[in-house]
Amino acid sequence: TVSLRVFGHCKLVIALQLLFQANPVTMAKFSTAVSSSRRKARKAHFAADSESRRKLMAAPLSKELRTKYGVRSMPIRSDDVVQVVRGANGKKTAPTEGKVILVQRKKFSVHIERLTRDKTNGTPVNVPVHPSNLVIVKLKLDKDRLDLLQRKKAGRDARVGESATMAKVD
């Protein structure tokens, strides 16, 4: 038993602490090493180094590529062919599709081949697009990229295999 103090809101605070100790299912997060603070998450996101930004700038693969390689998403790189599916450039009658010209990790933006707008003096300028608004339609494959696809597929198969064996246990 726990003795409760009679100082105003302290009863409520202690009662809530006891409730959460008694019922651990109501916990919001699983790891105490990771913060759920929005401020800290935003700071980590915008202060991320280039290697981390590469992973943050991943885009989902199209359904055909997903079934072919067994992988859901890949980091975007130049010479990939992508399709804009969201945003002002994806709302047109046919979504814009083109080759990636430039990936700017510092600005979290991707420039696509035929996606431009004209400045007031008439010169065309590439429109930056965030990778979350894109779908990769065709991958530029080299040895390292194929290795990455195989590693990701192996990890996914291992996780699927674990869940299948756990389903048999239940």
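This report covers Asp80, Arg145 and Arg114 in a predicted model.

Local features need pLDDT of at least 70, side-chain atom pairs count only at pLDDT 80 or more, and totals for chains, interfaces and linings use all residues. Residues are numbered from 1 along each chain as its sequence is written, and side-chain values use heavy atoms, with hydrogens and water left out.

Helices (H or I, at least four residues) and strands (E, at least two) are DSSP runs, numbered from the N terminus. Buried means under 20% relative accessible area, exposed over 50%, partly exposed in between (1.4 Å probe, protein chains only).

| Residue | Place | Relative accessible area |
|---|---|---|
| Asp80 | loop between β2 (73-75) and β3 (81-84) | 0%, buried |
| Arg145 | helix α5 (residues 143-169) | 6%, buried |
| Arg114 | strand β5 (residues 109-118) | 59%, exposed |

Asp80 pairs with Arg145. Their side chains make a polar contact at 2.9 Å. Such a contact is a pair of N or O atoms within 3.5 Å; within protein, one must be able to donate a hydrogen and the other to accept it, and residues adjacent in sequence count only if both atoms are side-chain atoms. A polar atom of the Asp80 side chain also lies 2.8 Å from the backbone nitrogen of Lys140.

Contact means heavy atoms within 4.5 Å. Beyond four places in sequence, Asp80 has contacts including Pro75, Gly98, Val100 and Leu139. Arg145, on the same basis, touches Met74, Pro75, Ile76, Arg77, Asp80, Leu139 and Lys140.

Arg114 touches Glu97 and Gly98, leaving out residues up to four places away in sequence. From Val100, Arg114 is 14 residues away in sequence and 9.4 Å away in space, C-alpha to C-alpha.
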